[in-house]
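Hi,

Here is the structure I said I would pass on. Have a look at it first, and my notes follow underneath.

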Amino acid sequence: MGQALKIALENEPLVLSYMDRAGKIAIEQVADGFGMSKSQLAETAGLARETLYRVARSRTAKTQGRLREMLEIISRVADWAGGKEQAMAWYRAQPLPAFGGRTAEALVKDGKASAVRDYLDHMAVGGFA
């Protein structure tokens, strides 16, 4: 029984693994999980640095939404990238031909996370870049 629970937790979406009991993304856990400071995490998510240092601002819908988008995209590529750290590296640095060489990070910062998710869905079913 304990092993089944362990397997279920290992296969849960990355977003859920960083949720606190209130259903909010736990900023410190995400930063620690990716070996980043809060400032680096804010930059990666396209947020002002001070946003993640202030509890009230870190729990707003905009902040939580941006972090959720970032984690959802990283979660989608983690298996084929070789893990969450490699997926983060892909997210931050890999130019996407379908978007004129812009990275997933740049697109999420511009509010185009849904376009990245659609692109990843297209690629998952055998589409071309």
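**Phe99 and its surroundings**

Leaving aside its neighbours within four places in sequence, Phe99 is in contact with Leu107, Ala115, Val116 and Tyr119. Before you read too much into that, bear in mind that this is a predicted model. Phe99 sits in the loop between helix H7 (84–93) and helix H8 (104–109). One of its partners, Ala115, is 16 residues away along the chain, and the two C-alpha atoms are 9.3 Å apart. So is Phe99 buried or partly exposed? Its relative accessibility is 21%, so Phe99 counts as partly exposed; the cut-off for buried is under 20%.

**The chain as a whole**

There are nine helices and zero strands, so to speak an α-α-α-α-α-α-α-α-α pattern when you read along the sequence. Of the 129 residues in the chain, 36% are buried. The chain exposes about 7400 Å², with carbon and sulfur atoms supplying 53% of that. Looking at contacts with a separation of 6 or more, 43% are between residues 24 or more positions apart.

**The core**

The largest nonpolar core has 33 residues, and those with the most contacts inside it are Phe34, Leu41, Leu67, Met70, Leu71, Ile73 and Tyr91. At least two residues of this core come from each of helix H2 (14–17), helix H3 (27–33), helix H4 (38–45), helix H6 (61–81), H7, H8 and helix H9 (113–124). H6 gives the largest share, seven residues. As a general point, nonpolar side chains in soluble globular proteins tend to be buried together.

Phe34 is worth clicking on. Not counting neighbours within four places in sequence, Phe34 is in contact with Leu14, Tyr18, Leu71, Ile74, Lys84 and Met88. Of these, Leu71 is itself listed among the residues with the most contacts inside the core.

**Helix H4**

Which residues of H4 are buried? They are Lys38, Leu41, Ala42, Thr44 and Ala45. Seen down the axis of H4, these buried residues fall within an arc of 165 degrees, so they line one face of the helix. The general background is that an α-helix has 3.6 residues a turn, so residues three or four places apart point the same way. The cover over the buried residues of H4 includes H3, H6, H7 and H8. After H4 comes Gly46, which has a positive phi, near 80 degrees.

Cheers

Technical notes. Residues numbered from 1 in each chain as written. Predicted model: local features only at pLDDT ≥ 70, side-chain atom pairs only at ≥ 80, totals over all residues. Heavy atoms only, no water. Helix = DSSP H or I, 4+ residues; strand = E, 2+ residues; numbered from the N terminus. Buried < 20%, exposed > 50% of the residue type's maximum accessible area, 1.4 Å probe, protein only. Contact = heavy atoms within 4.5 Å. Core = buried A, V, L, I, M, F, W, Y, C linked by side-chain atoms within 4.5 Å. Areas by Shrake-Rupley, 256 points an atom, 1.4 Å probe, with all protein chains shown as cover. Arc of directions from axis to C-beta.
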